[in-house]
Amino acid sequence: MTTTTIDEQRLMQFVFKAVGDFGAQLNGALAVIGDKLGLYRAMAGAGPLTPGELAARTGTAERYVREWLCAQAAGGYVTYEQDGKFSLPAEHAIALTDESSPACVIGGFELMLAAVRSTDRMLMAFRTGEGVGWHEHHRDLFEGCERFFRPGYHAHLVEEWLPAMSGVVETLRAGARVADVGCGLGASTVLMASAFPGSTFVGLDYHPGSITAARERAAEAGVGNRTRFETGRATELTGTYDLICLFDSLHDMGDPVGTLAHLRERLEPTGSLLLVEPFAGDSIADNLNPVGAVYYGASTLLCTPNSLSQDVGTALGAQAGEARLRSVAYDAGFASFHRVAETPFNLVFQVRP
């Protein structure tokens with residue numbers, strides 16, 4: 001029998017890390033409450049507030065607000081001013097309220113909490129190996145996902161990613177046919193349609209509720225006459241296009257090689273595919289960091305089960321990495337695969353026939 005010597009200091013370090021994770025898990029729910037009730041927005045730029053003042057500003061109950069503020073102060077989200085008042089630092093306000101900033105992360109809480117709500121379903125999936133479709137999760141997943149990725153798209157898509165692709169901006173300005181596959185609520189589609197009025201856009205997603213919302217948002221943005229949103233899977237895309245985009249969606253698909261092979265047939269010979277995927281290195285060791293922890297966790301609860309719920313069930317996962325993605329593209333018949341941009345959260349590739 002092997003005797004293991006326990007390092008008591010290492011044990012307690014891990015215990016306190018776990019306790020910190022307890023707080024982080026609870027804070028996900030508290031952050032969603034703060035967002036949905038407007039607590040963060042009411043604190044932004046307001047200076048120190050008492051719980052009563054914040055409750056009055058937001059039409060909420062003071063006793064709940066007081067406890068919420070104490071939890072937020074203990075977690076480092078708000079500052080306790082030692083006189084019964086609390087403030088939201090300006091930098092924190094940007095991350096929690098300014099959805100036009102690439103630093104805004106508030107949608108991520110909605111997304112992650114929606115994923116955690118599927119824990120019971122995932123217990124069964126782990127035992128059976130069956131998949132769980134995107135549409136089977138809590139309704140907050142769809143909006144939370146868009147809100148998490150949209151600030152990055154808003155900051156980088158038109159100004160950096162598209163210009164980094166050879167010949168694409170010129171084609172869009174001249175008038176291109178564009179497909180956004182796995183478009184979700186249409187944030188990326190609407191951004192491109194607003195920036196390139198001479199082009200037309202098709203958004204495709206298999207979730208009907210997301211397509212309904214995308215149509216509404218396109219109409220609100222004044223681009224409804226140049227956008228069309230359809231319910232369907234990637235392999236059901238028809239027509240030919242100068243640019244086909246996949247924003248953080250390929251790794252969720254059951255058959256990424258088959259999907260890209262179909263999309264290659266839908267591209268004009270001089271067209272390009274814009275592939276945006278979660279940031280990842282090519283080895284597990286490369287991804288053992290805070291961003292990797294989030295993406296591996298989300299992949300366990302969302303991306304991998306979604307792929308397993310579809311035909312083939314390749315289950316690339318959210319941390320596939322550039323080498324694996326390149327292999328998928330080449331297996332699908334593409335001839336050119338180049339990284340053209342990156343952010344702390346995304347890798348961006350131009351893929352051509």
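Start by selecting Asp7 and Gln9, at the start of helix 1. One of Asp7's side-chain oxygens comes to within 3.0 Å of the backbone nitrogen of Gln9. Keep in mind as you click around that this is a predicted model.

Now select the whole of helix 1, residues 8–36. You have 29 residues on screen, and from the first C-alpha to the last they reach 42 Å, close to the 42 Å expected at 1.5 Å a residue. Turn the view until you can look along the helix from the side, and stop at Asn27: helix 1 bends there by about 30 degrees.

Leave Asn27 highlighted, since it is also one of the buried residues of this helix. Add the others: Ala18, Gly28, Ala31, Val32, Gly34 and Asp35. What lies over them? Try showing helix 2 (39–43), helix 4 (62–74), helix 6 (106–116) and helix 8 (140–164), which are among the parts that cover the buried residues of helix 1.

Before you move on, step just past the end of helix 1 to Gly38. If your viewer lists backbone angles, look at phi here: Gly38 takes a positive value of about 75 degrees.

Next stop is helix 8, where you can pick out Gly152. Is Gly152 buried or exposed? With a relative accessible area of 19%, Gly152 is buried, because the cut-off for buried is under 20%. Show its neighbours Leu157 and Trp161, which Gly152 touches once residues up to four places away in sequence are set aside. Then draw a distance from Gly152 to Ser100: the two are 52 residues apart in sequence, yet 8.9 Å apart in space, C-alpha to C-alpha.

From there, jump to helix 13 (residues 290–308) and select Asn306. Asn306 counts as buried, at 4% relative accessibility. What does its side chain reach? Look for the backbone nitrogen of Trp134, at 2.7 Å from the side chain of Asn306. Trp134 has company, too: leaving out residues up to four places away in sequence, Asn306 also touches Val132, Gly133, Tyr206 and Asp252.

For the last stop, select residues 174–278. In UniProt, an unreviewed entry lists this stretch as "domain: Methyltransferase". Colour the span by secondary structure and you'll see a mix, with 32% helix and 33% strand. Finish by picking the C-alpha atoms at its two ends, which lie 30 Å apart.

Terms used: Residues numbered from 1 in each chain as written. Predicted model: local features only at pLDDT ≥ 70, side-chain atom pairs only at ≥ 80, totals over all residues. Heavy atoms only, no water. Helix = DSSP H or I, 4+ residues; strand = E, 2+ residues; numbered from the N terminus. Expected span 1.5 Å × (residues − 1). Bend = angle between axes of the 7 residues up to and from the residue. Buried < 20%, exposed > 50% of the residue type's maximum accessible area, 1.4 Å probe, protein only. Contact = heavy atoms within 4.5 Å. Polar contact = N/O pair within 3.5 Å; in protein donor to acceptor, adjacent residues only side chain to side chain. UniProt positions renumbered as here; feature names shortened; annotations may be inferred.
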